[in-house]
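Let's take a walk through this model, starting with its charged pairs and ending with a helix and its cap.

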Amino acid sequence: MIDNDEIDVINILRASFKAMHLALEQLPVEPALILVDGNRFTAWRTVQHNCIIKGDGIYASIAAASVLAKTYRDEYMRNLHHEFPHYNWAQNKGYGTVEHRKAIEAHGLCKYHRKSFNILSAQIEMNFDLEEVA
């Protein structure tokens, strides 16, 4: 697993590739072909790979891998919830929901948050009170 600190250093895309490489390293048999759900991948060893956009809707093996990954992540977030219940990770699974963003505003970031993920609104509120212009 790639932790949030490493993601902050190498970025989420490279972290995804690294996580896939680490998973591939643990296979007892080297695959003949790697199917990737998405539009890019960093080659692993000399194994051929195919990137398939929306591959989870085309190949059962990609769909199964997606389900396993999501199931693992959801369980991981439920476990983190016990340590930091005020973020309600048991419910929002760490996604940037309004509730999660409000919890970050109230409690700040914890050791599991990515510091490189922008939680603030991209829009700046400005007060154009014209009464003070003279």
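What follows is a short tour of salt bridges, a strand pair and one helix in a predicted model.

**Charged pairs**

Side chains of opposite charge can pair when their charged atoms come close. So how many salt bridges does a search of the whole structure find? The count is five, and three of them are set out here.

| Salt bridge | Closest N to O distance |
|---|---|
| K18 and E6 | 2.4 Å |
| E30 and R45 | 2.9 Å |
| E83 and K111 | 3.2 Å |

Take the K18 and E6 salt bridge, with N and O at 2.4 Å. This pair links distant parts of the chain, twelve residues apart: K18 belongs to helix 2 (residues 12-25), while E6 belongs to helix 1 (residues 4-10). Neither end is hidden away: K18 comes out as partly exposed at 34% relative accessibility, and E6 is partly exposed too, at 25%.

Next up is E30, whose salt bridge with R45 has its closest N and O atoms 2.9 Å apart. Both partners sit in loops: E30 lies between helix 2 and strand 1 (33-37), and R45 between strand 1 and strand 2 (48-52), so the bridge ties together parts 15 residues apart in sequence. With 43% relative accessibility, E30 is partly exposed; R45, at 49%, is partly exposed as well. Why does R45 not count as exposed? Exposed means over 50% relative accessible area, and R45 has 49%, so R45 stays in the partly exposed class.

The third pair, E83 and K111, has its closest N and O atoms 3.2 Å apart. Here the partners are 28 residues apart, with E83 in helix 3 (residues 60-83) and K111 in the segment after helix 5 (98-107). E83 is partly exposed at 40% relative accessibility, whereas K111 counts as exposed at 51%. There's also a network to look for: salt bridges with shared partners join E25, E30 and R45.

**The strand pair**

Now have a look at strand 1. Which of its residues make up the covered face? I34 and V36 do, while L33, L35 and D37 form the uncovered one. Strand 1 runs parallel to strand 2, and five bridges join the two. If you want to trace one link yourself, start at L35: its bridge partner in strand 2 is N50.

**Helix 2 and its cap**

Back to helix 2, the home of K18. With 14 residues, helix 2 spans 20 Å from its first C-alpha to its last, close to the 20 Å expected at 1.5 Å a residue. Its buried residues include A15, F17, H21 and L24. An α-helix has 3.6 residues a turn, so residues three or four places apart point the same way. What covers the buried residues of helix 2? Helix 1 and strand 1 are among the elements that do.

The N-terminal end of helix 2 is capped by N11, which places a side-chain oxygen 3.0 Å from the backbone nitrogen of L13. The side chain of N11 also reaches the backbone nitrogen of R14, at 2.8 Å. N11 itself lies in the loop between helix 1 and helix 2 and is partly exposed, at 33% relative accessibility. One last pair to find in the view is N11 and R114: they are 103 residues apart in sequence, yet their C-alpha atoms are 10.0 Å apart in space.

Technical notes: Residues are numbered from 1 along each chain as its sequence is written. This is a predicted model: local features need pLDDT of at least 70, side-chain atom pairs count only at pLDDT 80 or more; totals for chains, interfaces and linings use all residues. Side-chain values use heavy atoms; hydrogens and water are left out. A salt bridge is a side-chain nitrogen of Lys or Arg within 4 Å of a carboxyl oxygen of Asp or Glu. Helices (H or I, at least four residues) and strands (E, at least two) are DSSP runs, numbered from the N terminus. Buried means under 20% relative accessible area, exposed over 50%, partly exposed in between (1.4 Å probe, protein chains only). Two strands pair if DSSP finds at least two bridges between them. The expected span of a helix is 1.5 Å times one less than its number of residues. Contact means heavy atoms within 4.5 Å. A polar contact is a pair of N or O atoms within 3.5 Å; within protein, one must be able to donate a hydrogen and the other to accept it, and residues adjacent in sequence count only if both atoms are side-chain atoms.
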